[in-house]
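Me: I should be grateful for a close look at a single part of this structure, namely the packing of one helix against its neighbours. Please set that part in the context of the whole chain.

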Amino acid sequence: MDRKVVLITGASGGMGREIAKGMKDQFALALHAFSGNIHEQQSETIAHFTADLRNEEECKRLIDEVVKHFGRIDILINNAGISKSAMSWKMSSEDWSETLSINLNAPFYLSKYAIPHMRQHEWGRIINISSVVAQSGFIGTSAYAASKAGLLGLTKTLAKELASSGITVNALALGYFNVGMIADVPEDIQAEIIAEIPMKRLGDPQTVVGTVSWLSTEASDYITGQTINLNGGLLS
Ligand SMILES: NC(=O)c1ccc[n+]([C@@H]2O[C@H](COP(=O)([O-])OP(=O)(O)OC[C@H]3O[C@@H](n4cnc5c(N)ncnc54)[C@H](OP(=O)(O)O)[C@@H]3O)[C@@H](O)[C@H]2O)c1
């Protein structure tokens, strides 16, 4: 495989689908889904994988299968994520644990099992999809906010551990985009959110696609341990 091999988790979701579409001409894509459908058809450079990322064994199996299929894994995009909405004092321990499992544990385990393969080639990229909610908090999202904030700490530590191995690790803190999980937010709350955004609009996923693609190239090789904010001016 002469192209770099990218694993995109949650490629069946709104944002993952856009990332896959935007990277398919330049990279070999390992596209992961849990229960949903992947839009891009399988081909010589695109393969589909399924895994329930709530447990470590499935994370390990996913990495093993990608490496078996393509012979390598160069770029890991930890994009799969869920959000459970409830006030902290009403959130069930199941919802708390599931959110932490998918949003934080899975990126850790996938990194853990992908890193030895990247180290073999002395090159790699790990890109963690976090959220502005990690930085600002948002009512009703304690588990989500905690998981996404944990991801920023994981990013910084992995970056330091891997800085001399040719592997960079960065996070994107996304604001509010017009695809994916925003569909679960009621319209009146969406209007309130948009009113708070300095650009007064939701983000276009092409901003994420462009940033992820650029982080996946040599042009970003001196950038590691960073949280890149894509949020229309929130927190500015
Ligand atoms: N959209 C936004 O405005 C926004 C803002 C900030 C951050 N983000 C972050 O961007 C990422 C993508 O979000 P999105 O908007 O695309 O959400 P989405 O459309 O709801 O997609 C979520 C993805 O997570 C996968 N998933 C759910 N449970 C899983 C499990 N047990 N094991 C493995 N995968 C599982 C889903 O797979 P299946 O569908 O196949 O089950 C799906 O591909 C998330 O990390 C999210 O936190 C999004």
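Reply: The account below begins with the chain as a whole, turns to helix H3 and its two contacts, and ends with the surroundings of the ligand.

The model is a predicted one. Its protein chain holds seven helices and seven strands, and their order along the sequence is β-α-β-β-α-β-α-β-α-α-β-α-α-β. Along the principal axes, the C-alpha atoms occupy a box of roughly 50 × 35 × 35 Å. The radius of gyration is 17 Å, which agrees with the value near 18 Å that a compact globule of 236 residues would have.

Helix H3 comprises residues 93-121, and its packing against helix H2 (residues 56-70) may be taken before its packing against H5. The axes of H2 and H3 lie 9 Å apart and meet at an angle of about 35°. The crossing of this pair is right-handed. On the H2 side, the contact is formed by Glu56, Cys59, Lys60, Leu62, Ile63 and Val67. H3 contributes Ala106, Tyr109, Leu110, Tyr113, Ala114 and His117. By character, the residues of this contact are nine nonpolar, one polar and two charged.

The other partner is helix H5, which spans residues 142-162. Here the angle is about 15°, and the axes are again separated by 9 Å. Because angles under 35 degrees count as roughly parallel, H3 is described as roughly parallel to H5. The crossing of H3 and H5 is right-handed. H3 supplies Asp95, Trp96, Thr99, Leu100, Asn103, Leu104, Pro107, Phe108, Ser111 and Ile115 to this contact. From H5 come Ala143, Tyr144, Ser147, Lys148, Gly150, Leu151, Leu154, Leu158 and Leu162. The residues of the contact divide into twelve nonpolar, five polar and two charged.

The ligand offers a further point of reference. Around the ligand there are 27 residues, of which Gly10, Gly13, Gly36, Gly81 and Gly180 come nearest. Helix H1 (14-23) and strand E5 (124-131) are the elements that give two or more residues to this shell. The most is given by H1, with three residues. In character, the shell comprises 14 nonpolar, eleven polar and two charged residues.

In summary, H3 packs against H2 at about 35° and against H5 at about 15°, with a right-handed crossing to H2 and a right-handed crossing to H5.

Terms used:
Residues are numbered from 1 along each chain as its sequence is written. This is a predicted model: local features need pLDDT of at least 70, side-chain atom pairs count only at pLDDT 80 or more; totals for chains, interfaces and linings use all residues. Axes are lines fitted to C-alpha atoms, for helices over the stretch in contact, and angles run from 0 to 180 degrees between N-to-C directions. Helices (H or I, at least four residues) and strands (E, at least two) are DSSP runs, numbered from the N terminus. A crossing is left-handed if the near helix is turned anticlockwise from the far one by less than a right angle, and right-handed if clockwise. Two residues are in contact if their C-beta atoms, placed from the backbone, lie within 7 Å. Ala, Val, Leu, Ile, Met, Phe, Trp, Tyr, Cys and Pro count as nonpolar, Asp, Glu, Lys and Arg as charged, and the others, Gly among them, as polar. A residue is near a molecule or strand if its C-beta atom, placed from the backbone, lies within 6 Å of it. Angles under 35 degrees count as roughly parallel, over 145 as roughly antiparallel, 65 to 115 as roughly perpendicular and the rest as oblique. The radius of gyration is taken over C-alpha atoms; the globule rule is 2.2 Å times the number of residues to the power 0.38.
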